[in-house]
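The following account leads the reader through one structure, with attention to surface patches, paired charges and backbone geometry. Please keep the sequence and the coordinates at hand while reading.

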Amino acid sequence: MDFNFKKVFNDAGTALSRVVQLTQEKLGTSEKTELDAHFENLAERSDQTKLWTEKLLSDTEAVLTPNPGNRVEDYLFEKIEKKKPVRLTNIEYLGNDMIEAGNDFGPGTSYGNALIKVGQCEQRIGSIEKEFIASANHCFLTPLRKFLDGEMKTILKERGLLESKRLDLDACKSRVRKARSMLGQPPNKDGLSPEFLLDQAERDLRVAQSEYDRQAEITKLLLEGVNSSHASHLRCLHQFVDAQVTYYERCHHTMQQLKSEMQSLSGAMPGGVTASSSSSSSFLTNHLQQQQPTLNPVMTSRDDVTTAGGEGGQKARVLCDYDAKDQSELSLMTDEVITVFKIPESEDYLMGERGTQRGKVPAVFVEFLN
């Protein structure tokens, strides 16, 4: 195997020359070739595009795949070009457990039947979510990744080459200045005259200038192409928004269907009270009333209480449960029937009576019976 020592030495010499030039620029002992303002603006715009594209890509990935471990796993599978594992979403896990619970409680019961219906809906929502994630990956994330891995990497590579050519050019300029300062002096130890060294340095400068100009033109064209990339990203953004709109519309439609199914479940009653619970409550109330003696609703010994409808108290049905706040109030149970009396100068409370129990009750918790 042939080994080109000359090329190795030349490359090593070039690298050393660039390091020396860069060090002198940092120390302020050597001049630096500056790019024009238009080129600098293009370069700055390219840097901004790279920065924000990386952030948007990372943020979108976090929204679509909240679990960091899953994101790392997907990245590794993508790098080794293997199919990503199929996972259930959190809402699908919830749906599965709801269905299992409903079957365990019994599909024939109201609660079990409702759990199964809601669980099936959650599974459908999970499938819709997976379709949205796949669509968002295809129309938005994949183009951004390709831009960063393709066009942006090329731009960074060419900008790096341009910087190297710039260092070579400035090093040649330094050698030309040094050679000019030596004019009129005797030849060096190698027998080379200052005129010869100046001529050689100027030839190297022309070559370096030509290579630098060519690389600057190539890099400039690539930087100008970033604007067209913005237009492409805008189209991808529109597609991403369309995918989101479709996703939320499908989710809303699915939930509206579930709401209708829940309202139409057999035995459902307004206020969330089922027929079975209503019957049980009515049975308990009637049983208590049968066990209680007939009471005179007019309490002549209570001067602070007047009747609500003339001579006596009025029957009222309790709309929902109420827990007494203190001993002056009366606890209530849904659907029980009590006797109520109007309290003078109080619109918010009535005096309620159940057997030997008596206490204030909120007026909004009862409705009068004809």
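Leu-237 is placed in helix α7, which covers residues 226-263. The model is a predicted one, and in it Leu-237 has a relative accessible area of 40%, so this residue counts as partly exposed. Leu-237 also belongs to a nonpolar surface patch, whose other members are Leu-234, Val-241 and Val-245. Together these four residues present about 310 Å² of accessible area.

A patch of another character involves charge. Glu-34, Asp-36, Glu-40 and Glu-44 gather on the surface as a patch of negative charge. Of these residues, Glu-40 may serve as a reference point: it lies in helix α2, residues 37-64, and is partly exposed, with a relative accessible area of 36%. Residues enter such a patch only with over 30% relative accessible area and no salt bridge, and the 36% of Glu-40 satisfies the area condition.

The next topic is the pairing of opposite charges. In general, side chains of opposite charge can pair when their charged atoms come close. With a salt bridge taken as a side-chain nitrogen of Lys or Arg within 4 Å of a carboxyl oxygen of Asp or Glu, the count for this model comes to 14.

One of these salt bridges is found in helix α2, where Lys-50 pairs with Glu-54. The closest N and O atoms of the two side chains are 2.8 Å apart. Lys-50 and Glu-54 are 4 residues apart in the helix, which means that about one helical turn separates them. Both ends of the pair are partly exposed: Lys-50 has a relative accessibility of 24%, and Glu-54 has one of 33%.

A second salt bridge joins the side chains of Glu-211 and Lys-165, with an N to O distance of 3.3 Å. This pair links distant parts of the chain, since Glu-211 belongs to helix α6 (residues 194-224) and Lys-165 to helix α5 (residues 110-181), with their positions 46 residues apart in the numbering. Glu-211 is partly exposed at 37% relative accessibility, and Lys-165 is likewise partly exposed at 23%.

A further salt bridge connects two strands. The side chains of Arg-317 and Glu-367 meet at 2.5 Å, N to O. Arg-317 lies in strand β1 (residues 314-318) and Glu-367 in strand β5 (residues 366-368), so the pair ties together parts that are 50 residues apart in sequence. Arg-317 is partly exposed, with a relative accessible area of 27%, and Glu-367 is partly exposed at 33%. Elsewhere, Glu-163, Arg-166 and Asp-170 are joined into one network by salt bridges that share partners.

The backbone remains to be considered. Most residues other than glycine have a negative phi. Which value does phi take at Asp-335? For Asp-335, phi is near 75 degrees, a positive value in a residue other than glycine. Asp-335 is located in the loop between β1 and β2 (337-342), and its relative accessible area of 13% is under the 20% limit, so Asp-335 is buried.

Glu-345 likewise has a positive phi, near 60 degrees, and is a residue other than glycine. Its place is the loop between β2 and β3 (349-354). Is Glu-345 buried or exposed? With a relative accessibility of 87%, Glu-345 counts as exposed, because the limit for that class is over 50%.

Notes
Residues are numbered from 1 along each chain as its sequence is written. This is a predicted model: local features need pLDDT of at least 70, side-chain atom pairs count only at pLDDT 80 or more; totals for chains, interfaces and linings use all residues. Side-chain values use heavy atoms; hydrogens and water are left out. Patches are made of residues with over 30% relative accessible area and no salt bridge: like charges are joined within 9 Å, nonpolar side chains (Val, Leu, Ile, Met, Phe, Trp, Tyr) within 5 Å. Accessible areas come from the Shrake-Rupley method with a 1.4 Å probe; for residues, only the protein chains shown count as cover. Lys and Arg count as positive and Asp and Glu as negative; His and the chain ends are not counted. The place of a charge is taken as NZ of Lys, CZ of Arg, CG of Asp or CD of Glu. Buried means under 20% relative accessible area, exposed over 50%, partly exposed in between (1.4 Å probe, protein chains only).
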